[in-house]
Amino acid sequence: MGGTFFFLPLREMNRRFLTLAVAAALVFSTSATTRCYKVTGSVTCSLGNLTRTVEIQLLDEDGLFWESDDQMGRTWANKNGQFKVEGCGNDFGPWNDPDPYLLFTHSCKEESDDIEQGPFVRSRMLLPQNHLPHVIKLDEVDLRSLQIVE
């Protein structure tokens, strides 16, 4: 009988430790790092004037094959090519910041370009990890010089 009394506090201590460990695992597994970005700049086309509007999306790249990239913001360049896009994204875990990039949908291409996307193409530009309060200020972005993506 005395042995049962001795192990009761140890059993209770193990149960409490297990409860605390499960609670901590749940908190860390559901936590995410949220970062906000603001990007300003202007777009040009070295082939000539842009004849159509340019859509700019601010995205968070998610590298795992079952995830799709998250849209953080979206805008269009004005008639002078200037734009400002901003938004927030989050990635799983407290150590994992979003990986921001811009996706431009535009008509800056030559007739000889072997692209099957109709009148518009999509180009991608990686961004630095400068999140707010720092603003990412881009110089003129020549859409022709960017990597075309599908």
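Select arginine 122 first: in this predicted model, arginine 122 stands opposite valine 149, a residue of strand S8. Now show strands S6 and S8 together, and you will find that they run antiparallel and are joined by three bridges.

Widen the selection to the whole sheet, which is open, has five strands in the order S3-S2-S5-S6-S8, and is paired in antiparallel fashion. At its edges are strand S3 (70–76) and strand S8 (147–149), and because each has a single partner strand, one side of each is left without a neighbour in the sheet. Looking across the sheet, note that the twist from one strand to the next averages 30°.

Return to strand S6 (121–126) and follow the loop that lies between strand S5 (100–106) and S6, where lysine 109 has its place. Lysine 109 has a relative accessibility of 23% and therefore counts as partly exposed; its C-alpha atom is separated by 7.6 Å from that of valine 121, although the two residues are twelve apart along the chain.

Next, display the side chains of tyrosine 101 and arginine 124, where the arginine lies over the face of the tyrosine, at 3.9 Å from the ring centre.

Finish with the aromatic rings, for which a search of the whole structure finds one pair. Select phenylalanine 83 and phenylalanine 104, whose ring centres are 6.2 Å apart and whose planes stand at 80°, so that the pair is edge-to-face. Since phenylalanine 83 belongs to strand S4 (residues 82–92) and phenylalanine 104 to strand S5, the pair ties together parts that are 21 residues apart in sequence. Both phenylalanine 83 and phenylalanine 104 are buried.

Technical notes:
Residues are numbered from 1 along each chain as its sequence is written. This is a predicted model: local features need pLDDT of at least 70, side-chain atom pairs count only at pLDDT 80 or more; totals for chains, interfaces and linings use all residues. Side-chain values use heavy atoms; hydrogens and water are left out. Helices (H or I, at least four residues) and strands (E, at least two) are DSSP runs, numbered from the N terminus. Buried means under 20% relative accessible area, exposed over 50%, partly exposed in between (1.4 Å probe, protein chains only). Two strands pair if DSSP finds at least two bridges between them. Axes are lines fitted to C-alpha atoms, for helices over the stretch in contact, and angles run from 0 to 180 degrees between N-to-C directions. Rings of Phe, Tyr and Trp (its six-membered ring) pair if their centres lie within 6.5 Å; planes under 30 degrees apart count as stacked, over 60 as edge-to-face and the rest as tilted. A charge sits over a ring if NZ of Lys or CZ of Arg is within 6 Å of the ring centre and within 35 degrees of the ring normal.
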